[in-house]
Amino acid sequence: MFFDFGDLSRRERHKLMTSTIVPRPIAWVSTVNAGGTINIGPFSFFNIVCEEPPLVSIGVGSGERFEGDLKDTGVNIRRTGEFVVNLVGFGNADAMVKTAVNLPAGMSELDFAQLATSPATKVDAPRIGQSPVSLECRLFRNIDIGDGQSLVLGEVVGIHVLDDAVLDAGRCYIDTPKLDLIARMHGNGWYTRMTDWFQRVTPPAP
Ligand SMILES: Cc1cc2nc3c(=O)[nH]c(=O)nc-3n(C[C@H](O)[C@H](O)[C@H](O)COP(=O)(O)O)c2cc1C
């Protein structure tokens, strides 16, 4: 069946894209607001862009509180030029969904989700201590898409990897399955784990 996006509402287009473009890795982004408060939010419109410079992309949507509302994550990234993308392990799932809740002003996201942060090495935004991987990023470019949405390109300046998952630091070999990362699937609250893999090596050209 063909769905013509010209005939569909914004909500319908969102449903079709998010239920087919799966699984999506999750950037669990930590930033700092103007008052110094730490903000955490999950973003699954996220991926690697290129390695020279080493860029990641995050699609930050518009907020829901009022028209033209901007999400705190996007505001903080533009203000400070820095953020940390923490990746989400299976053991982080409960805390991660709590950080997507719009809390009343003054309520601490870290307390609500029972999270602890650790200082990052090269940026002022902290990393999430319980996360198996944290990518320290500096804003490379913010592309305003309109309607409160933006494409954030972050340059990765360093990466923390759970010690137990580092096979050979000199060769940068990582035991990826050990990270037990989850990814966003379809519908309301569905995720997947990395429990089923197979290998197909790209063959040489004939
Ligand atoms: C798994 C998951 C993935 C999400 N992905 C995105 C996303 O890619 N873009 C987005 O704008 N919001 C996304 N959201 C919603 C934001 O996390 C939510 O609006 C959050 O409250 C934003 O926090 P902030 O206002 O502190 O930046 C996602 C939520 C969840 C639970």
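Two residues are said to be in contact when heavy atoms of the one lie within 4.5 Å of heavy atoms of the other. With this definition in hand, the reader may turn to the structure, which is a predicted model.

A suitable starting point is Thr-73, a residue of helix H2. Leaving aside residues up to four places away in sequence, Thr-73 touches Val-29, Thr-31, Asn-39, Gly-41 and Phe-43. Is Thr-73 buried or exposed? A residue counts as buried when its relative accessible area is under 20%. The value for Thr-73 is 4%, and therefore Thr-73 is buried.

Thr-73 also leads to the ligand. The ligand is surrounded by 15 residues, and Thr-73 is listed among the closest, together with Pro-42, Phe-45, Gly-61 and Lys-71. By chemical character, this shell consists of seven nonpolar, five polar and three charged residues. Which elements supply at least two residues each to the shell? They are strand S3 (38-43), strand S5 (54-60) and helix H2 (72-80). Strand S3 gives the most, with three residues.

Several polar atoms of the protein can be located beside the ligand. A polar side-chain atom of Asn-39 is found 3.0 Å from an oxygen atom of the ligand. Asn-39 is also one of the residues that Thr-73 touches. At Ser-44, a backbone N or O atom lies 2.9 Å from a nitrogen atom of the ligand. At Ala-100, a polar backbone atom is 3.1 Å from an oxygen atom of the ligand. How much of the ligand's accessible area does the protein cover? On its own the ligand has 640 Å² of accessible area, and the protein covers 86% of this.

Strand S5, which contributes to the shell, deserves a closer look. Five of the seven residues of S5 are buried, and the strand is thus described as mostly covered. S5 pairs with strand S4 (residues 46-51) in the antiparallel sense, over five bridges. Within this pair, Asn-47 stands opposite Ser-57 of S5. Two residues lie between S4 and S5, and the two strands form a hairpin. S5 is also joined to strand S10 (residues 149-161) by six bridges, and these two strands run antiparallel as well. Here Leu-55 has Glu-155 in S10 as its bridge partner. As a general point, the side chains of a regular strand alternate between the two faces of the sheet.

Another part of the model contains an open sheet of three strands, arranged in the order S1-S13-S14 with antiparallel pairing. Strand S1 (24-25) and strand S14 (191-193) stand at the edges; each has a single partner strand, so one side of each is left without a neighbour in the sheet. Strand S13 (residues 182-184) pairs with S14 over three bridges. One example is Arg-184, whose bridge partner in S14 is Tyr-191.

The last stop is Leu-87, located in the loop between strand S6 (82-86) and helix H3 (93-98). Leu-87 has a relative accessibility of 15% and therefore counts as buried. Which residues does Leu-87 touch, when those up to four places away in sequence are not counted? They are Ile-26, Trp-28, Phe-46, Asn-92, Ser-131, Pro-132, Val-133, Leu-135 and Leu-181. Leu-87 and Gln-130 are 43 residues apart along the chain, and their C-alpha atoms are separated by 9.8 Å.

Methods. Residues numbered from 1 in each chain as written. Predicted model: local features only at pLDDT ≥ 70, side-chain atom pairs only at ≥ 80, totals over all residues. Heavy atoms only, no water. Near = heavy atom within 4 Å. Polar contact = N/O pair within 3.5 Å; in protein donor to acceptor, adjacent residues only side chain to side chain. Areas by Shrake-Rupley, 256 points an atom, 1.4 Å probe, with all protein chains shown as cover. Helix = DSSP H or I, 4+ residues; strand = E, 2+ residues; numbered from the N terminus. Nonpolar A, V, L, I, M, F, W, Y, C, P; charged D, E, K, R; others polar. Buried < 20%, exposed > 50% of the residue type's maximum accessible area, 1.4 Å probe, protein only. Pairing = 2+ DSSP bridges.
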